[in-house]
Amino acid sequence: MSDWVKTLSRVLYVDLARKRYWVEDREDLFGKWLGGIGVASQLYKEEVPRAADPLGPENTIIFAVGPLTGVFPMASKTIAVFKSPLNGYFAESHAGGRSASAIRFAGYGAIVIRGVSERPICLVIEPDRVRFRDASALWGVRSAETVGRILREITPGAGVRSILRIGGAGEKLVRYAMVMVETFRHFGRMGLGAVFGSKKLKAIVIAPGKVYRFPDMKRYRDIYQKIYDLAKGPKTKKYHDLGTAENVLVLDAIGALPTKNFSSGRFDGAGEISGEALVENVLARRVACSACPVACIHLAAIREEYEDEKFMYKTEFISYDYEPIYALGTNLGVKDRFGLLKLFKAVEDWGLDAISTGVILAWATEALERGLITKSETLVDLRWGNWRSYVAAIENIVRQPNEFYKVLAMGVEEAAKRYGGEDFAMSFNKVEPAGYLTGPLFFISLAIGFRHSHLDSGAYSLDQRIFSSGEELPSPREAVQKIIEEEAWRQVLTSLVLCLFARGVYDENLTSEALGSLGYSYSSADLRKLGREIYFEKQRLKWEEGFRASNLRIPKRITETPTPLGKISKEYFEEALKEFDNIVKKHNHVK
Amino acid sequence: MLACSRRLGFAGYEKSAIRVRSAGGVERGFTVVVCRACLDPPCARVCPEDALIPRPGGGIILRPERCNGCGHCVEACDIGAIWMDEETGKPIVCVYCGYCAQFCPHKVITLQEVEAV
């Protein structure tokens, strides 16, 4: 085994209750499972009892990086694994910024955070020591951005450190609270922010300081150059030019742009909030995660006059991407660009997942429209396009001034259970969907996935391919197999750990060569096999926690609104979920 | 930063002769700190062991065998482009090889040829 793996195998364990930390050599895990999601899911298996309460002391937060982290282009992501407070199952979330290289060069391959602190705490992780800083003064500082600004002043490692923290939403245990990384990057989905909050963990600062020698300098530099050139080329063009916001018009044109709570696939204001319109009018800066030449992070300027004084102005910045545009824009009928950016800023400051927040507000808007709830619940006038009231509602989700908002803070599934409107409560396995009304494969993939990101398996692109080629839909079984096959390969990429925007750059051979230059020997076939193993290890964990796809609620709305592939058949969907259960059951049994 | 480390055969930041930091949050942009190759370098003037030799055309050359690790050069550099290597106890200084410039996608860092005077 490569010496490189030895440098990666140090796992930092932190016990928040006893304020202790220690390091264990886990070459047993990093040798077999590479790193990233491969290792993180094994650590989860050891750490988190299957019946653990996601917001109780038994839940454990696991961060992991991999062999390519910080040394190859686009190897910029950290994997977080935890039990999700939204659905109670094993969940996964990825974020970039400087988090991955900071963990790696602080000397760790993974960080395991156990227990609950009795008072607010900020972890400062440096090479060879961890400090438990009292964070009482930061608790209640509502904006996650401000918390970052304060921590920048009082912690070491400027320029290379990573700062993870929660906002008001995480403190208040909103089930879809996010964790902000640096500025404008997030562990967005699945509620990691609420898990932080439940542990009284306000922030983690990771300051790197270690270096490792490359085993074969020449080989490494040659393959690095090859990958660097590819990463700068056409394979990542979509991400650096318009960014993911390019999708707005593409999806609108084929009727796959979720609009007003998924009641339509076309939005009459798409042109005003498209990637093109944003570049033209508000794009102010583009930045990159560490170790990435792509720079996909698009920052918009919000230039705003003070409400109470004319000619007094301020300019703030906010990142944008396709998903928040869908969730807080098209899906809420918001076409006012300024209003849309203010909504982005609201979820950013409060520390909420943009997708879940948008989907929940869309349900609330429709529920109000249909009279299931009244303004005495919503307190503000939720109406399509009325962004000011949505900004106010976002604050209410965090502050929870009444019973209604307390329930909204638990997710759309809980809200619909309580107030009705399940037919149009958009969630799959209790998690609000990403924004692709492309066809059945996408939603099936969400139902059986771990991150509830469109990138789990890229099934929106399978749908789009079927649409553009004019082929017949695959059988439900084939559909599930296609999803699993793609998602299994992605387990390799996320064990290394690569950003999934790099998937077009790192094919099997290049991935194998990159690992080879660090002293690992994996053929393409070995990697494929490992990807499948990791995939089914994860599915087994969820199965043991009680997940059965065939028990899932399928929102009726999704069978009523036409997609480019026509209306989604409920029978097809149910059949696919049944097939999925059979595949997982068989796999668990064989093993 | 990573390219500079890579040139020396290391993964990580500590051996790099370049530092990049945000100018107070990423929305304000970044500052790249690297030796600007002064024509009359103050770091060389304060070196008690003549370990930093002014280089024809600007900048300095480190003679590590003469360095006693005092760190005066770090303090003398107003732009903060010299760091101590904690492992060796000696300063890390730019050697003007231009390797980093090959990996700067937006030509913030470029290699400029100057005449040795």
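Here are some worked exercises on the structure shown above.

The model is predicted, so local features need pLDDT of at least 70 and side-chain atom pairs count only at pLDDT 80 or more, while totals for chains, interfaces and linings use all residues. Residues are numbered from 1 along each chain as its sequence is written, chains are lettered from A and ligands numbered from 1 in the order in which they are written, and side-chain values use heavy atoms, with hydrogens and water left out.

**Exercise 1: The interface**

Task: Describe how chain A and chain B touch.

Solution:
Step 1. Begin with the residues in contact (heavy atoms within 4.5 Å). Chain A gives 33 residues and chain B gives 26 residues.

Step 2. Next comes buried area, the accessible area (1.4 Å probe) that two parts lose on being put together, summed over both. The two chains bury about 2500 Å² between them, with 61% of it on carbon and sulfur atoms. In chain A, the residues that lose the most area to chain B are Val211(A), Arg221(A) and Tyr228(A), together 20% of what that side buries.

Step 3. Now look for salt bridges, where a side-chain nitrogen of Lys or Arg is within 4 Å of a carboxyl oxygen of Asp or Glu. The rule finds zero of them across the interface of chain A and chain B.

Step 4. Then count polar contacts, which are pairs of N or O atoms within 3.5 Å; within protein, one must be able to donate a hydrogen and the other to accept it, and residues adjacent in sequence count only if both atoms are side-chain atoms. Between chain A and chain B there are eight residue pairs in polar contact, both at pLDDT 80 or more.

Step 5. Place the contacts on helices (DSSP runs of H or I, at least four residues) and strands (runs of E, at least two), numbered from the N terminus. On the side of chain A that touches chain B, the elements that give two or more residues are α4 (99–105), α5 (144–154), β13 (212–213), α8 (217–231) and β14 (283–287). The largest share, six residues, comes from α8(A).

Step 6. Finish with strand pairing, which needs at least two DSSP bridges between two strands. β13(A) pairs with strand β1 (residues 10–11) of chain B in the antiparallel sense over two bridges. Tyr212(A) has Ala11(B) as its bridge partner in β1(B).

**Exercise 2: A covered strand**

Task: Why is strand β5 (residues 90–95) of chain A largely enclosed by the rest of the structure?

Solution:
Step 1. Recall the cut-offs: buried means under 20% relative accessible area, exposed over 50%, and partly exposed in between (1.4 Å probe, protein chains only).

Step 2. Six of the six residues of β5(A) are buried, so the strand is largely enclosed.

Step 3. In a regular strand the side chains alternate between the two faces of the sheet. Phe90(A), Glu92(A) and His94(A) are buried on one side of β5(A), and Ala91(A), Ser93(A) and Ala95(A) are buried on the other.

Step 4. Check the pairing too. Strand β4 (residues 78–83) of chain A runs antiparallel to β5(A), joined by six bridges, and Ala80(A) stands opposite Ser93(A). The hairpin of these strands has six residues between them, and there Gly88(A) takes a positive phi near 80°.

**Exercise 3: Salt bridges in chain A**

Task: Where do the partners of the Lys45(A) and Glu537(A) salt bridge lie, and are they buried or exposed?

Solution:
Step 1. Over all chains, the rule gives 41 salt bridges. In one of them, Lys45(A) and Glu537(A) meet at 2.8 Å, N to O.

Step 2. This pair links distant parts of the chain, with Lys45(A) in helix α3 (residues 36–47) and Glu537(A) in helix α23, 492 residues apart.

Step 3. Lys45(A) is partly exposed at 32% relative accessibility, whereas Glu537(A) is buried at 7%.

Step 4. Now try a second pair: Glu414(A) and Lys417(A) meet in a salt bridge at 3.6 Å, N to O. Both lie in helix α18 (residues 412–419) of chain A, three residues apart, about one turn of the helix. Glu414(A) is partly exposed at 28%, and Lys417(A) is exposed at 51%.
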